[in-house]
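Let's walk through this model together, from the overall layout down to individual side chains. Keep the viewer open as you read.

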Amino acid sequence: MSQNTQQLMLFCTAIVLFVTACLYGQQSVSVLASALSSSVHTNEDMEGRINTTLRISKPLRYSGAEVLHTVRQMTGTAVEVQVDGKKYTIDPLINRSATIPVHVSASYKPEFMRDDSGELLRIAFWREASIN
């Protein structure tokens, strides 16, 4: 074989390897992006609606059961939770008989207080008047 033929074959091999590496990298990036997206959705579902409060367009209403869950979930974090103006911190490991005067079937309007960087500082739930 002549030297030109060998160089052409090496060049073609290099191009094929380069294209293969690019396609493999693209596939890896798409797999990682879908895994990250799935992880974000899973975390949002596990954390309830607290993570998405920066992007809400209409006022949310929480049921009493969701309020109870939020108070228990936020125990041990820096986020303060208030129900009708009173702060609650319930730790079932310390006091198993602690209760929160929340009506499970009632509707509560949340208020989210944040600092300048957008970090959640306090969640206040206000019971809405029921129409009977």
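Does Cys 22 count as buried, partly exposed or exposed? At 40% relative accessibility, Cys 22 counts as partly exposed, where buried means under 20% relative accessible area, exposed means over 50% and partly exposed is in between, using a 1.4 Å probe and protein chains only. Cys 12 is partly exposed too, with a relative accessible area of 40%. A search of the whole structure turns up zero disulfides, a disulfide being a pair of cysteine sulfur atoms within 2.5 Å.

Some ground rules before going further. This is a predicted model, so to speak of local features here takes pLDDT of at least 70, and side-chain atom pairs count only at pLDDT 80 or more, while totals for chains, interfaces and linings use all residues. Residues are numbered from 1 along each chain as its sequence is written, and side-chain values use heavy atoms, with hydrogens and water left out.

Now the layout. The chain has two helices and five strands, and along the sequence they follow the pattern α-β-α-β-β-β-β. These are DSSP runs numbered from the N terminus: helices are H or I with at least four residues, strands are E with at least two. Of the 132 residues, 19% count as buried. Take the contacts (heavy atoms within 4.5 Å) between residues at least 6 apart in sequence: 51% of them join residues at least 24 apart.

Helix H2 (64-74) is a good place to zoom in. Its buried residues are Gly 64, Val 67, Thr 70, Val 71 and Met 74. Looking down the axis of H2, these buried residues fall within an arc of 115 degrees, so they line one face of the helix; the arc is that of the directions from the helix axis to the C-beta atoms. The general background is that an α-helix has 3.6 residues a turn, so residues three or four places apart point the same way. What do the buried residues of H2 pack against? They pack against E1, E2, strand E3 (86-88), strand E4 (107-114) and E5. Just after H2, Gly 76 takes a positive phi of about 90 degrees.

That leads to the largest nonpolar core, which has 16 residues. A nonpolar core is a set of buried Ala, Val, Leu, Ile, Met, Phe, Trp, Tyr and Cys residues joined through side-chain atoms within 4.5 Å. The members touching the most other members are Val 67, Val 71, Val 83, Val 102, Tyr 108, Ile 123 and Phe 125. H2, strand E2 (80-83) and E5 each supply at least two residues of this core.

Phe 125 shows up again in the one aromatic pair that a search of the whole structure finds. Phe 125 and Tyr 62 sit edge-to-face, 5.3 Å centre to centre with 65 degrees between the planes. For the cut-offs, rings of Phe, Tyr and Trp (its six-membered ring) pair if their centres lie within 6.5 Å; planes under 30 degrees apart count as stacked, over 60 as edge-to-face and the rest as tilted. The pair links distant parts of the chain, with Tyr 62 in strand E1 (residues 62-63) and Phe 125 in strand E5 (residues 120-127), 63 residues apart. Both Tyr 62 and Phe 125 are buried.

Gln 82, in strand E2, is buried as well, at 12% relative accessibility. Leaving out residues up to four places away in sequence, Gln 82 touches Lys 87, Arg 122, Ile 123, Ala 124 and Phe 125. In the loop between E2 and E3 you'll find Asp 84, whose phi is near 55 degrees, a positive value in a residue other than glycine.

Finally, the charges. Two salt bridges are found, each a side-chain nitrogen of Lys or Arg within 4 Å of a carboxyl oxygen of Asp or Glu. In one, Glu 128 meets Arg 61, with the closest N and O atoms 2.6 Å apart. Glu 128 lies in the segment after E5 and Arg 61 in the loop between helix H1 (3-47) and E1, so the pair ties together parts 67 residues apart in sequence. The side chains of Glu 111 and Lys 109 also form a salt bridge, at 3.6 Å from N to O. Glu 111 is partly exposed at 29% relative accessible area, and Lys 109 is partly exposed at 32%.
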